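Subject: A structure for you to look at

Hello,

Here is the structure I promised to pass on to you. Please open it first, and then read on for what turned up in it.

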Amino acid sequence: MTSQVSSHFWRLVGGAEVAVSGSTTLLDRAAIARAALARAEQRTGARSVVRAPVEPVDQPDVPAPRRTSLLTTERPPLPVPPQLTDLLPDGLRRGATTAVLGSTSLLLALLAHACAGGAWAAVVGRPSVGLLAAAQAGVALDRLALVPRPGRDAAPVLAALVDGLDVVVVGDVALTDADRRHLSARARDRGAVLVATTPWPGANVVLTATQEGWTGLGAGDGRLRTQRLRVERTGRGGSAALLAARLTLPLGTEDERVLVERPDEHADERTLRLVG
């Protein structure tokens, strides 16, 4: 655990605190992710610690290709833990905005599974989410960037990260309604997953967690080990119908099945009878 956390460094420049990874990888995706992070650092006043030398490359004089929107059908959705497939049967859909309200542990569980599948993620505007908590939740730290306090440049920082990363988590940052609409549209265009931890108008899926209790404490002894949550799913389109489930976090700590609550289809029916 210590070696994972020590491979990251913190920078505080121009009022914006940024945590980035110091590890390297040969994957092509790494270059894209680091480029997006570099743009975010530039927006917040930070400087890259390591810059790879760039050699000029002769290219034929051909017109640049026209940029087109990334078709989300070309890239599959990001996977979610098996315990959440009833609530998110399509996974974390690329180009969609998902709101996760009421539980940082649930948010980290989603990030851990996405990063385990190869995704790159960033968390913006959530100072309470640290590297140690993320590592304990199973998040791959070499695929995670933290921007706890983006300051007044939250909108351009988020836009830069959406351009190059798979998942961008938006915390309590200063955004106007127009900023939110533009970010959702940008995520659709880039094929990124936008995850809000505060109410987000127009979110495709909303997961609202309510704490139901903890386990592990005895009569004057023990420690908190697991947390029980009730998670309701609402949203738009196929997620418009209310669906709820009871979960135990950390996921996989208990063998019991996830209890899914489906609304009674006949609950709103009214019995009519002839009078008079």
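One definition will help at the start: a cavity is a set of grid points where a 1.4 Å probe fits but cannot get out, and a residue counts as lining it if it has an atom within 4 Å of a point. Please also keep in mind that this is a predicted model.

**The cavity**

How many cavities of 30 Å³ or more does the count come to? There is 1, and the volume of the largest cavity is about 40 Å³. Its lining is made up of Leu 92, Leu 107, Leu 110, Leu 111, Ala 114, Val 167 and Val 195. Sorted by class, that lining has 7 nonpolar residues, with no polar and no charged ones. Which element gives the most to the lining of the largest cavity? Helix 3, residues 104-116, does so with 4 residues.

**The chain as a whole**

The chain has 6 helices and 11 strands. Of its 276 residues, 40% are buried. If you take the contacts between residues at least 6 apart in sequence, 61% of them join residues at least 24 apart.

**Two residues to look at with the cavity**

Two residues in contact with parts of that lining are worth finding on your screen. Thr 98 sits in strand 3. Is Thr 98 buried or exposed? Its relative accessibility is 4%, so Thr 98 counts as buried. Setting aside neighbours within four places in sequence, Thr 98 is in contact with Leu 92, Leu 194, Val 195, Ala 196 and Val 205. Leu 92 and Val 195 also appear among the residues that line the largest cavity.

Pro 79 belongs to the loop between helix 2 (28-44) and strand 3 (97-101). With 36% relative accessibility, Pro 79 counts as partly exposed, because that class runs between under 20% for buried and over 50% for exposed. Residues up to four places away in sequence aside, Pro 79 touches His 113 and Ala 114. Along the sequence Pro 79 and Ala 114 are 35 residues apart, yet their C-alpha atoms are 5.8 Å apart in space. Ala 114 is another residue of the cavity lining.

**Helices 5 and 6**

Next, please turn to a pair of packed helices. Two packed helices are described by the angle between their axes and the distance between the axes. For helix 5 (residues 154-164) and helix 6 (residues 177-190), the angle is about 10° and the axes are 9 Å apart. Angles under 35 degrees count as roughly parallel, and helix 5 and helix 6 are therefore roughly parallel to each other. On the helix 5 side, Ala 155, Leu 158, Ala 159, Val 162 and Asp 163 take part, and they meet Asp 179, Leu 183, Arg 186, Ala 187 and Arg 190 in helix 6. By class, this contact has 6 nonpolar, no polar and 4 charged residues.

Helix 5 is mostly covered, with 8 of its 11 residues buried. Those buried are Ala 154, Val 157, Leu 158, Ala 159, Ala 160, Leu 161, Val 162 and Gly 164.

Val 162, in helix 5, is a good residue to centre your view on. Val 162 has a relative accessible area of 1% and is therefore buried. What does Val 162 touch, not counting residues up to four places away in sequence? The list is Val 168, Arg 186, Ala 187, Arg 190, Ala 192 and Leu 194. From Val 162 to Leu 183 the C-alpha distance is 8.0 Å, with their positions 21 residues apart in sequence.

Just past helix 6, Gly 191 lies in the loop that leads from helix 6 to strand 7 (193-196). Gly 191 is buried too, with a relative accessible area of 1%. Its C-alpha atom is separated by 8.8 Å from that of Asp 163, and the two are 28 residues apart along the chain.

**A pocket to finish with**

The second largest pocket holds about 420 Å³ of space. It is lined by 16 residues, and those nearest its centre are Ser 105, Gln 136, Ala 137, Leu 249 and Pro 250. Helix 3, helix 4 (131-136) and strand 9 (222-235) each supply at least two residues of this lining. By class, the lining divides into 9 nonpolar, 6 polar and 1 charged.

Enjoy exploring it!

Best wishes

Technical notes
Residues are numbered from 1 along each chain as its sequence is written. This is a predicted model: local features need pLDDT of at least 70, side-chain atom pairs count only at pLDDT 80 or more; totals for chains, interfaces and linings use all residues. Side-chain values use heavy atoms; hydrogens and water are left out. On a 1 Å grid over the protein atoms alone, a cavity is a set of points where a 1.4 Å probe fits but cannot get out, and a pocket is an open set with protein on both sides within 12 Å along at least five of seven lines; lining residues have an atom within 4 Å of a point. Grid points are joined across faces, edges and corners, and a volume is the space filled by probe spheres set on the points. Ala, Val, Leu, Ile, Met, Phe, Trp, Tyr, Cys and Pro count as nonpolar, Asp, Glu, Lys and Arg as charged, and the others, Gly among them, as polar. Buried means under 20% relative accessible area, exposed over 50%, partly exposed in between (1.4 Å probe, protein chains only). Contact means heavy atoms within 4.5 Å. Axes are lines fitted to C-alpha atoms, for helices over the stretch in contact, and angles run from 0 to 180 degrees between N-to-C directions. Angles under 35 degrees count as roughly parallel, over 145 as roughly antiparallel, 65 to 115 as roughly perpendicular and the rest as oblique.
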